[in-house]
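Student: I have a structure open and would like to go through it with you. Can we start with the terms and then look at some residues?
Tutor: Fine, put it up.

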Amino acid sequence: MESHSIAIQVNGIRVVADVEPRLLLVHFLRERAGLTGTHIGCDTSQCGACTVRLDGVTVKSCTVLAVQADGHAVTTIEGLADPARLTPLQQAFHERHALQCGFCTPGMIFAAQALLEYVPNPTEAQVRQALHGNLCRCTGYQNIVDAVLLAAKLQQTEDLQTEHLRVAEAT
């Protein structure tokens with residue numbers, strides 16, 4: 001089978017590889033980029049464990065071919081934040097015990113992040129709807145929902161603090 005040379009910015013690092021046209025992005029990330037935080041759960045886009053951001057858009061990487069991502073930017077769970085500082089969403093997941101085995105966590109985090117970008121102060125129903133395409137076999141979802149609601153509050157507090165600092169520096 002013929003191969004294609006592709007280059008993908010993965011978490012800010014250019015990864016170049018020769019791949020078969022049928023190679024899924026999830027396999028590229030795990031096998032070629034060595035990033036195992038993107039999980040292979042079902043290969044049918046039902047579980048959400050393979051969720052990543054492709055040019056800032058949340059996608060299930062088991063539905064994208066690696067050649068389709070050629071020339072694009074991918075963010076995996078490993079590239080989500082500065083390792084020295086948790087994002088409000090990561091902090092909320094930690095504080096609300098919103099993970100157990102961690103298998104669903106990438107999908108839950110990315111789905112929640114996408115929601116919070118569009119709806120900064122969501123209702124519980126909106127959170128549940130946003131998480132609908134992600135399966136968790138451990139937590140029963142309530143802690144995850146609670147974490148997303150807490151993250152919204154933490155993000156609003158962080159935004160206010162940032163704004164206060166910006167105003168103080170400007171005066």
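Tutor: One cut-off before anything else: a residue is buried under 20% relative accessible area, exposed over 50%, and partly exposed in between. Also keep in mind that this is a predicted model.

Student: OK. Take Asn11 then, where is it in the chain?
Tutor: Asn11 sits in the loop that links β1 (4-10) to β2 (13-19). Its relative accessibility is 26%, so Asn11 counts as partly exposed.

Student: And what about the phi of Asn11?
Tutor: Asn11 is not a glycine, yet its phi is positive, about 55 degrees. Ser45 is also a non-glycine residue with a positive phi, about 65 degrees.

Student: Where does Ser45 lie?
Tutor: Ser45 belongs to the loop between α1 (25-32) and β3 (51-54). With 25% relative accessibility, Ser45 counts as partly exposed.

Student: Let me step back. How many helices and strands are there?
Tutor: The protein has 5 helices and 5 strands. Starting at the N terminus, the order is β-β-α-β-β-β-α-α-α-α.

Student: What does the radius of gyration say about the overall form?
Tutor: It is 17 Å, and a compact globule of 171 residues would have a value near 16 Å, so the two agree. Along the principal axes, the C-alpha atoms fill a box of roughly 60 × 45 × 25 Å.

Student: How much of the protein is buried?
Tutor: Buried residues are 40% of the 171. The exposed area is about 9300 Å², with 53% of it supplied by carbon and sulfur atoms.

Student: What share of the contacts is long-range, say 24 or more positions apart?
Tutor: Of the contacts with a separation of 6 or more, 55% are between residues 24 or more positions apart.

Student: Back to single residues. Is Ser61 buried or exposed?
Tutor: Ser61 has 0% relative accessibility, so it counts as buried. Its place is the loop between β4 (57-60) and β5 (73-75).

Student: What does Ser61 touch?
Tutor: Leaving out residues up to four places away in sequence, Ser61 touches Leu24, Leu25, Val26, Leu29, Thr38, Cys50 and Val52.

Student: Now the helices. How long is α3?
Tutor: Helix α3 covers residues 105-118, 14 in number, and spans 20 Å from first C-alpha to last, close to the 20 Å expected.

Student: Why call α3 largely enclosed?
Tutor: Because 11 of its 14 residues are buried, α3 is largely enclosed by the rest of the structure. Among those buried residues are Met108, Ile109, Phe110, Leu115 and Leu116.

Student: Which residues of α2 are buried?
Tutor: In α2 they are Pro88, Leu89, Gln90, Ala92 and Phe93.

Student: What comes just after α2?
Tutor: His97, which takes a positive phi of about 50 degrees. His97 lies in the loop between α2 (88-95) and α3, and its relative accessible area of 57% makes it exposed. The C-alpha atoms of His97 and Gln142 are 10.0 Å apart, with their positions 45 residues apart along the chain.

Student: And Gln100, where is that one?
Tutor: Gln100 is in the loop between α2 and α3. Gln100 is exposed, at a relative accessible area of 53%. Apart from neighbours within four places in sequence, Gln100 is in contact with Cys138 and Thr139.

Conventions:
Residues are numbered from 1 along each chain as its sequence is written. This is a predicted model: local features need pLDDT of at least 70, side-chain atom pairs count only at pLDDT 80 or more; totals for chains, interfaces and linings use all residues. Side-chain values use heavy atoms; hydrogens and water are left out. Helices (H or I, at least four residues) and strands (E, at least two) are DSSP runs, numbered from the N terminus. The expected span of a helix is 1.5 Å times one less than its number of residues. Buried means under 20% relative accessible area, exposed over 50%, partly exposed in between (1.4 Å probe, protein chains only). The radius of gyration is taken over C-alpha atoms; the globule rule is 2.2 Å times the number of residues to the power 0.38. Contact means heavy atoms within 4.5 Å. Accessible areas come from the Shrake-Rupley method with a 1.4 Å probe; for residues, only the protein chains shown count as cover.
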